[in-house]
Amino acid sequence: MSVDDIFPLAEAITAALADDIVQLEAGEPCALLDRVTPTTSELLRFWFQSDYLETRDVNFHVGQRDAILAIIYAHEVLAAENLLDLYEKLDRQAILEPGRLGELTSPRNQHPKYAAKMATGTGKTWVLNAILVWQHLNALANPSDLRFTSNFLIVAPGLIVYDRLLDSFLGHRTPGGGRDFSASDIARHADLFIPDHHRATMLAFVAASTIEKHDIGRRSTGAGMIAITNWHRLAGQEDPDFLDDEPEITAPGADLDAAAAARSFVPLSPGLNAGNSLEALDRRFNRGEAMRWLKDRPSLLVLNDEAHHVHTSRKGDEESEVEWQRSLSDLASGKGRRFIQIDFSATPYNESRGKRKWFPHIIVDFDLHDAMSRGLVKTLALDKRQEVAAIPNAELEFRAVRNDDGQLELSSGKRVMLRAGLERLRILEEQFAKQDASKRPKLLVMVEDTKVSPLVEEFLLSEGYAAEDILRVDSGRKAEL
């Protein structure tokens with residue numbers, strides 16, 4: 001882990017857990033296991049003890065491990081009631097930094113709140129799954145413990161991530177329109193996430209309690225829920241009827257407009273010409289039902305994926321909450337410490353006058369440099385070959401050209417570049433084999449037109465590559481790439 005001193009909470013937790021991690025992995029007694037519930041102690045040993053690691057083909061990597069441990073330590077061991085309380089327990093001196101106290105006492109920080117800074121591609125969803133298992137199993141074992149809940153709201157930054165989360169929790173869609181739960185992440189890797197004797201209970205909960213965004217507030221799930229939505233819907237941007245934002249009368253006794261009064265009793269007139277189908281009437285009648293249903297949950301854990309997309313905005317000298325954050329504040333009201341917020345982001349900061357303002361609740365930092373050094377993320381290498389640069393400019397024609405018959409063919413310059421790339425690929429393959437045989441480098445070739453890509457494919461085949469070694473993607477729109 002690479003922790004900068006601008007993340008005082010992450011630095012303090014890293015220092016506090018250093019010895020515990022070594023002892024936990026070795027299967028030795030450690031202070032951390034004595035300070036958590038028996039359920040959490042069992043999970044930590046199952047997830048991170050070397051005896052268990054050796055029995056599985058897949059385990060959490062160090063960045064995921066550190067994120068899981070930091071969240072559990074901050075929430076269960078320290079049991080901070082809000083962000084200011086967390087700072088007081090970890091680093092009181094950091095509260096004195098300019099502007100820090102005002103931020104910590106903001107209404108949006110008056111509940112347990114944590115942020116995991118994890119590089120893109122390092123498996124935040126698996127951390128999210130582990131947190132969900134930890135919370136739900138503890139809520140079953142300790143129903144009166146205010147630190148735990150079985151009610152989860154997972155917020156995605158957009159439709160692509162939203163669909164990916166549904167695939168992760170429910171499995172991919174089947175030809176019949178349903179979903180194959182056995183293909184979900186938590187089912188496929190149950191031997192990683194869930195100890196044997198909890199497995200049936202946990203999988204049944206996830207399968208029965210996961211709710212898509214349009215079913216929030218409309219479907220009963222019994223012993224808890226895992227509601228998944230994109231932030232646009234939570235903010236009312238995708239579906240204004242998701243929220244109940246009708247203005248309220250704040251001056252009793254004031255004169256009412258007759259038409260407005262009538263509309264308060266009959267808000268819509270039926271008729272397709274007015275766009276008021278029975279479906280629209282029903283939706284308006286239930287306006288705000290989803291938010292009211294979420295607010296009625298006695299406890300709620302909100303997990304924000306890619307939280308940097310929508311946090312706060314600044315106009316002039318005034319910082320304000322964005323729409324979805326106002327919805328979260330509304331959900332948090334009245335719940336106190338029973339409302340928990342965990343943000344996951346590779347870039348957890350806001351832009352303020354051209355400067356980065358990091359989230360104050362960052363408790364773990366697994367940055368891109370650490371992830372790359374451990375071979376956990378894909379990296380793109382742009383290679384400028386000296387032998388290519390030495391070729392006279394007149395010979396460096398990298399576009400496709402037409403031959404005497406008017407047919408497209410690869411220019412000599414493009415063939416030189418392709419061979420240089422293939423040689424570089426060969427060298428990388430040898431280097432990767434020495435470090436980790438499961439990691440395989442790839443060569444990305446971009447061409448100027450989809451008519452050229454078949455020529456490149458033919459060239460690669462002529463160089464001895466098999467058809468299954470080559471993936472060709474043709475697109476007429478740059479944005480698709």
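A crossing of two helices is called right-handed if the near helix is turned clockwise from the far one by less than a right angle, and left-handed if the turn is anticlockwise. That idea comes up shortly in this predicted model, which holds 21 helices and 13 strands. Of its 481 residues, 46% count as buried. Among contacts with a separation of 6 or more, 66% are between residues 24 or more positions apart.

Take the helix pair first. Helix α1, spanning residues 8-26, and helix α5, spanning residues 62-77, have axes that come within 11 Å and cross at roughly 115°. That angle makes α1 roughly perpendicular to α5, and the crossing is right-handed. On the α1 side, the residues that meet α5 are Ile13, Ala16, Leu17, Ile21, Leu24 and Glu25. Their counterparts in α5 are Arg65, Asp66, Leu69, Ala70, Tyr73 and Ala74. Sorted by kind, the residues of this contact come out as nine nonpolar and three charged, with no polar ones. The spacing along each helix fits a simple rule: an α-helix has 3.6 residues a turn, so residues three or four places apart point the same way.

Helix α5 has other company too. It lies across the strands β1 (113-118), β8 and β11, and runs at about 170° to β11. One of the residues in α5 is His75, which is buried, with a relative accessible area of just 4%. Leaving aside residues up to four places away in sequence, His75 touches Pro112, Tyr114, Trp134, Gln135, Arg147 and Ile340. Past the end of α5, in the loop that leads to α6 (83-90), sits Ala79. Ala79 has a positive phi of about 50°, even though it is not a glycine.

Now for the sheet. Seven strands make up an open sheet with parallel pairing, and their order is β3-β4-β2-β5-β8-β1-β11. The edges are held by β3 and β11 (362-366); each has a single partner strand, so one side of each is left without a neighbour in the sheet.

Strand β4, residues 225-230, has a partner on either side in that order. With β2 (residues 151-156) it pairs in the parallel sense over six bridges, and Asn151 stands opposite Met225 of β4. With β3 (residues 210-211) the pairing is again parallel, over two bridges, and here Thr210 has Ile226 of β4 as its bridge partner. Six of the six residues of β4 are buried, so the strand is largely enclosed by the rest of the structure. Both of its faces are covered: Met225, Ala227 and Thr229 are buried on one side, and Ile226, Ile228 and Asn230 are buried on the other.

Elsewhere in the sheet, β5 (residues 300-305) and β8 (residues 339-345) run parallel and are joined by six bridges. In this pair, Val302 stands opposite Gln341 of β8.

Back among the helices, α3 (residues 38-48) is worth a look as well. Eight of its eleven residues are buried, so α3 is largely enclosed by the rest of the structure. The buried set consists of Thr39, Thr40, Ser41, Leu43, Leu44, Phe46, Trp47 and Phe48.

Conventions
Residues numbered from 1 in each chain as written. Predicted model: local features only at pLDDT ≥ 70, side-chain atom pairs only at ≥ 80, totals over all residues. Heavy atoms only, no water. Axes fitted to C-alpha atoms, helices over the stretch in contact; angles between N-to-C directions. Helix = DSSP H or I, 4+ residues; strand = E, 2+ residues; numbered from the N terminus. Parallel < 35°, antiparallel > 145°, perpendicular 65-115°, else oblique. Contact = heavy atoms within 4.5 Å. Nonpolar A, V, L, I, M, F, W, Y, C, P; charged D, E, K, R; others polar. Buried < 20%, exposed > 50% of the residue type's maximum accessible area, 1.4 Å probe, protein only. Pairing = 2+ DSSP bridges.
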